[in-house]
Amino acid sequence: MSAIGPASVIANGPAFEAPDPEVPDFEASVSARTRTARRLAPSTLLGYALPCGVFAAAIAAWEALVRFNDIPPYILPAPSLIGATLIKDWAILFNATLVTLRTTVLALGLAVVGGVGLAVLFAQSKWIERSLFPFAVILQVTPIVAIAPLLIIYLSSGTAVLTCAFLVAFFPILSNTALGLASADHNLIELMQLYRASRWQGLVHLRLPAAMPYFLGGLRIGGGLALIGAIVAEIAAGSAGQGSGLAYRIVEAGFRLNIPRMFAALVLISFCGVVIHVVLAALSHLTLRRWHDSARRKGI
Amino acid sequence: MTLGRTSPLSGMMSSPLRGPPPRPAVKAGSVALRNVSKTFSNGTVALSNLDLEVREGEFVSLIGPSGCGKSTALRIMAGLTAPSSGTLEGGGGADVGFVFQEPTLMPWATVFDNVWLPLRLRRMSRTAAASAVLEALALVGLSKFTGSYPRELSGGMKMRVSIARALVIEPRLLLMDEPFAALDEITRFKLNNDLIRLKAELGTTVVFVTHSVYESVFLSSRIVVMASRPGRAIDDIAVPAPADRDEAFRSSPAYVETCRAASLALHGAMAEDDYL
């Protein structure tokens, strides 16, 4: 009782005019953020310089190891030789990169359409989810290397490779999106109910945006897996005498003991993987930075 | 600020919000529970034979110990839960605003978009809804924050957005489920004052669930005290003060006396609880 006595009487007046104790608070936090960013600039620079330096040192050590020990190129080529091969064989390797990348991107796109579509279907009814989920799980747990030879028999080799890449990218997108659609704030769901929102409106205005962080997480995993799926399927198809992607070039170079070219193709595969990762991470960051906690500066 | 207007709703009433208004059985802003009981599927009896009538323009607080069914009563009025027996008159329509204990904002949407949501669900475009949204935000003093995201706001500001979202549909009945329980006392006092002013300005009927005797006395025209196991109403206390009261009311004899009466009733409710 005493806590609300005369001592705590607040001055009268139009109360909503200015939320004074709160406004400066907000502005302070904004300016504090920019200040922190400015102060962090040199250490951010170091943050880039350090990994680059360590990477360069590792390459230099590799080069030195090969040169000082006179290791023949068919056992371990020096980085400089790999670089030279990359330039010499650029026409072949670049075309192969395009083939593999096209397969990967196409497979990822199909996995997004299929995964999100099926997740939305699952969200409509528990029974649909119960009936179809086992198929998705079986496809997921069966190693793609084991399925690839069958697919190559049934389908044309290009389609088979695409299907393999699609199958591995599909599941993480499906399961993450399904989880995201199911984890919308229950109070917001009730709010939608209160305002007589249709099923479609609930999906568009609540469930899909709520699932976005989960979907983007699944997309990042799926992106990496699509590349792996494409490579695995190319190797399987390549041994059947077809295909012209990077993995096929690796197999072919292996038959000819052209080790430097194998390494050059490997470098390109890694590069593709890194590019996919960076693009998807950037997409995720741009989409979530304004509202999701995952896009915040790390505290701990 | 729009305090100077003769009728705060007149500007919004002409907006193409609704078609012809439906003819309800009871007056638009009133709501009544008649002999309502609610038993949950696990066997818990949340409400037993509750009779509660809220007349148009009233500000009724429901107070009582945890588990006395006050939130359940509110959810039944909102149409979020169906009663196991008994009837609901009024309430439950598209004309009802609801404020949860948490702000319950969409984190991915700006303040403007959050308040726009109820109108958007009625298929109103952003431009068509803009004046109503901005007016609702002006009512809660957040005109400068239309482009902010919820995480950039303090707890009190988030709750104001939540209130603006409830007000944007011009509800005749506003249901609030412990809306200020998670806020610090200073912010809570401020929002209490704001609510008094909004109530006086808009004339909306309000049903307000709270744990706090002081809050209920300061805000309400009537306090319904509830007891638990099973949930039921045990007392009905009128607050002898005009609707447009101000901070001075907090130190008036009428306030102190009503707080005493409500506290006694609440203690009576809690004494019946076997866990105390």
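The following paragraphs lead through chain B of a predicted model, from its confidence values to its strands and then to a single threonine.

Confidence comes first, as it bears on how the rest is read. In chain B the mean pLDDT is 84, and 88% of the residues reach 70 or more. Among the elements of this chain, the lowest mean pLDDT, 39, belongs to helix α1 (residues 10–13) of chain B, whereas the highest, 95, belongs to helix α3 (residues 111–120) of chain B. Over residues 1–26 of chain B the pLDDT is below 50, and this stretch nevertheless has 34 contacts in the model beyond near neighbours in sequence.

Turning to the strands, one may begin with β1 (residues 31–39) and β2 (residues 45–54) of chain B, which pair in the antiparallel sense over 6 bridges. These two strands, β1(B) and β2(B), form a hairpin with 5 residues between them, and in the turn G43(B) has a positive phi of about 95°. Strand β1(B) is also joined by 5 bridges to strand β4 (residues 85–90) of chain B, and these strands run antiparallel. V31(B) can serve as a landmark for both pairings, since this residue stands opposite V54(B) in β2(B) and also stands opposite G90(B) in β4(B).

An open sheet of 6 strands in chain B has the order β5-β6-β7-β3-β8-β9, with mixed pairing. Its edge strands are β5 (96–99) and β9 (232–238) of chain B, each of which pairs on one side only, and the twist averages 15° from one strand to the next. In general, the strands of a sheet pair through backbone hydrogen bonds, in either a parallel or an antiparallel sense. Within this sheet, strand β6 (residues 173–177) of chain B and β7(B) pair in the parallel sense over 5 bridges, and L175(B) stands opposite V207(B) in β7(B).

Strand β7 (residues 205–210) of chain B also holds T210(B), the residue with which this account closes. Is T210(B) buried or exposed? Its relative accessible area is 2%, and T210(B) therefore counts as buried, the cut-off for that term being under 20%. Leaving aside residues up to four places away in sequence, T210(B) touches L62(B), I63(B), G64(B), K70(B), E178(B), E215(B) and S216(B). With one of these neighbours, E215(B), there is in addition a polar contact of 2.7 Å that joins the two side chains.

How values were computed:
Residues are numbered from 1 along each chain as its sequence is written. Chains are lettered from A and ligands numbered from 1 in the order in which they are written. This is a predicted model: local features need pLDDT of at least 70, side-chain atom pairs count only at pLDDT 80 or more; totals for chains, interfaces and linings use all residues. Side-chain values use heavy atoms; hydrogens and water are left out. pLDDT is the predictor's confidence in each residue, from 0 to 100. Helices (H or I, at least four residues) and strands (E, at least two) are DSSP runs, numbered from the N terminus. Contact means heavy atoms within 4.5 Å. Buried means under 20% relative accessible area, exposed over 50%, partly exposed in between (1.4 Å probe, protein chains only). A polar contact is a pair of N or O atoms within 3.5 Å; within protein, one must be able to donate a hydrogen and the other to accept it, and residues adjacent in sequence count only if both atoms are side-chain atoms. Two strands pair if DSSP finds at least two bridges between them. Axes are lines fitted to C-alpha atoms, for helices over the stretch in contact, and angles run from 0 to 180 degrees between N-to-C directions.
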